[in-house]
Amino acid sequence: MADKKTYYISTPIYYPSDKLHIGHSYTTVAADCMARYKRLKGYDVMFLTGTDEHGLKIEKKADAKGVTPKKYVDDIVAGIKDLWSIMDISYDKFIRTTDDYHVKAVQKIFKELYDKGEIYKSYYEGYYCTPCESFWTKTQLKDGCRCPDCGAETQLAKEDCYFFRLSKYSKILIDYFNEHPDFISPASRKNEMIVNFLEKGLEDLCVSRSTFKWGIPVTFDEGHVVYVWVDALSNYITALGYGSDDTSLYDKFWPCDLHLVGKEIVRFHTIIWPAILMALGLPLPKRVYGHGWLLLNGDKMSKSKGNVVDPVVLVNKYSSDAIRYYLLREVPFGSDGSFTPESLLNRINADLANDLGNLVSRTVSMQIKYFGGVCPAPAERKAEPLDDEIIGLFSELKTNVETQMDALQFPLALTELWKCISRLNKYIDETAPWALAKNEEDKPRLAQVLYVLCEGIRIAGALLGPFMPRTPERIFEQLGIAGNDGLTNWESAGTWGLYPEGTVCKKGDPLFPRLDVQKELEDLERIKLEAAK
Ligand code: MSP
């Protein structure tokens, strides 16, 4: 048998400087949705996430707490893994930059770059932003002293350091971007990179620090640690065994299909990372997608601004599937959008409890009430334009969802699904099965209506898996087809009419209980105030 097609997707590796917030969950849920989609489509997937554990920021945090940096990050990383577990994040590998194999591989990479003359020793004088672990020149600063990215005050740093010859890549990268139009998405981010950085000309990049210790030591110059972004970006290849004795995963999965990142770190992924890879003589990732931010009260969520929402609280209260749905649905992917408790509760009530939940419970209840739950043998189907319209919509649904998924348009993929789900609800009102049930001669029509409903729900259920991993199984239980792969897998959603006669529906709990919005808003406010104490 031919080898399966491979798909490699990564999230940024997160700083374990604090507990993660819902903004971090946003990237990870999107990447997970894509990874699940590709697996369902038959790809051999490598989904990588992890933590970026070195750097001055972490060292300072640990100092303030009076613990070693390693102890500090160990505790936070345990919490991050718990978070991904309750959010059903199906990563294949979790890399920590403190992992021994990563440390050794980064040391090798650094030495190789030095041996090739891509890194040289000099001294650095400039401004360092600790929250972004980023270097700036005086002219780039905002208000004379602040980081142009995050606005934090920078510190003047003057020290011996190693430089990477980034300056020679300005023109090479412009050409590369133009020859590979899909390398950076959305397209607007490519223009930002060209206009704001490459056309202005890149400067060589300081890639070691000697004023603090918490980093990967440069093997050939004691006292220097590798710049945290070089350490962090390398994770995408070291996680696959690059630089170790076993490179089988690297050989299989590199180059990466998609680095999914927030827009503020597109610069690192599309300028510094490609330049390092070129310097090493390695292929570049196929695509970097810079998505927008989840805003709270109009501002990017961040712990330092104190405007964060804890995903653990939300998941425990409303279920992982509901939070995943909200994150994937609410904000056009690529743009910024606001998180509000009101929009979350509204999505849960309107889309999940009403549209989806009611559709399933009404259908199952009617099948039970009118046919003892058993799907009747199909009668000779009378050509009904209304049914044909529904069948037409559902027959195209899989392709429409795939088109949006392939363009990373998670919200639009869900819009396609909900168009069909809402259409089925309207179909119930139009066909009024309760009226058909009153006359014996309408029984064949009633059976046909319920068939259309069950079959539509089956198809929608089969396509919901990447977004909401738990809900499809609960739907299939109620439809009586749980565990039947041929009726529930992704492929099966492409064919109308598979729901078998004789299948027995079962009443289940509501998929998403309706929430009392006022009460929930008060609850969330109280939780927020308690957390701030
Ligand atoms: N450690 C670096 C990344 C290194 S990758 C080689 C880093 N870490 S971070 O913890 O600050 O995480 C940044 C990423 O978290 C963003 O790029 C984005 O993917 C996600 N988000 C953090 N806050 C976010 C929002 N408010 N909204 C959406 N995504 C957000 O940068």
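Biologist: Say a residue is near a molecule or strand if one of its heavy atoms lies within 4 Å of it; which ones come nearest to the ligand?
Modeller: I13, T27, D52, G262 and L294, out of 26 residues around the ligand. This is a predicted model, with local features needing pLDDT of at least 70 and side-chain atom pairs 80 or more, while totals for chains, interfaces and linings use all residues. Numbering runs from 1 along each chain as its sequence is written, and side-chain values use heavy atoms, without hydrogens and water.

Biologist: Which backbone atoms sit by the ligand's nitrogens?
Modeller: A backbone N or O of L294 is 2.8 Å from a ligand nitrogen, and one of G23 is 3.1 Å from a ligand nitrogen. G262 also has a backbone N or O, 3.0 Å from a ligand oxygen. The cut-off for such N/O pairs is 3.5 Å.

Biologist: How much of the ligand does the protein bury?
Modeller: 95% of the 670 Å² that the ligand exposes when taken alone (Shrake-Rupley, 1.4 Å probe).

Biologist: Which element gives the most to the shell?
Modeller: α1, with four residues. The elements giving two or more are β1 (6-14), α1 (22-40), α7 (228-233), α8 (235-238) and β11 (258-262). Helices are DSSP H or I runs of at least four residues, strands E runs of at least two.

Biologist: Switching topic: what's the strand order in the open four-stranded sheet?
Modeller: β5-β4-β6-β8, with antiparallel pairing (pairing takes at least two DSSP bridges). β5 (134-136) and β8 (205-206) are the edges with a single partner strand each, so one side of each has no neighbour in the sheet.

Biologist: And how many bridges join β6 and β8?
Modeller: Two, with β6 covering residues 155-164. F164 has L205 of β8 as its bridge partner.

Conventions: Near = heavy atom within 4 Å. Polar contact = N/O pair within 3.5 Å; in protein donor to acceptor, adjacent residues only side chain to side chain.
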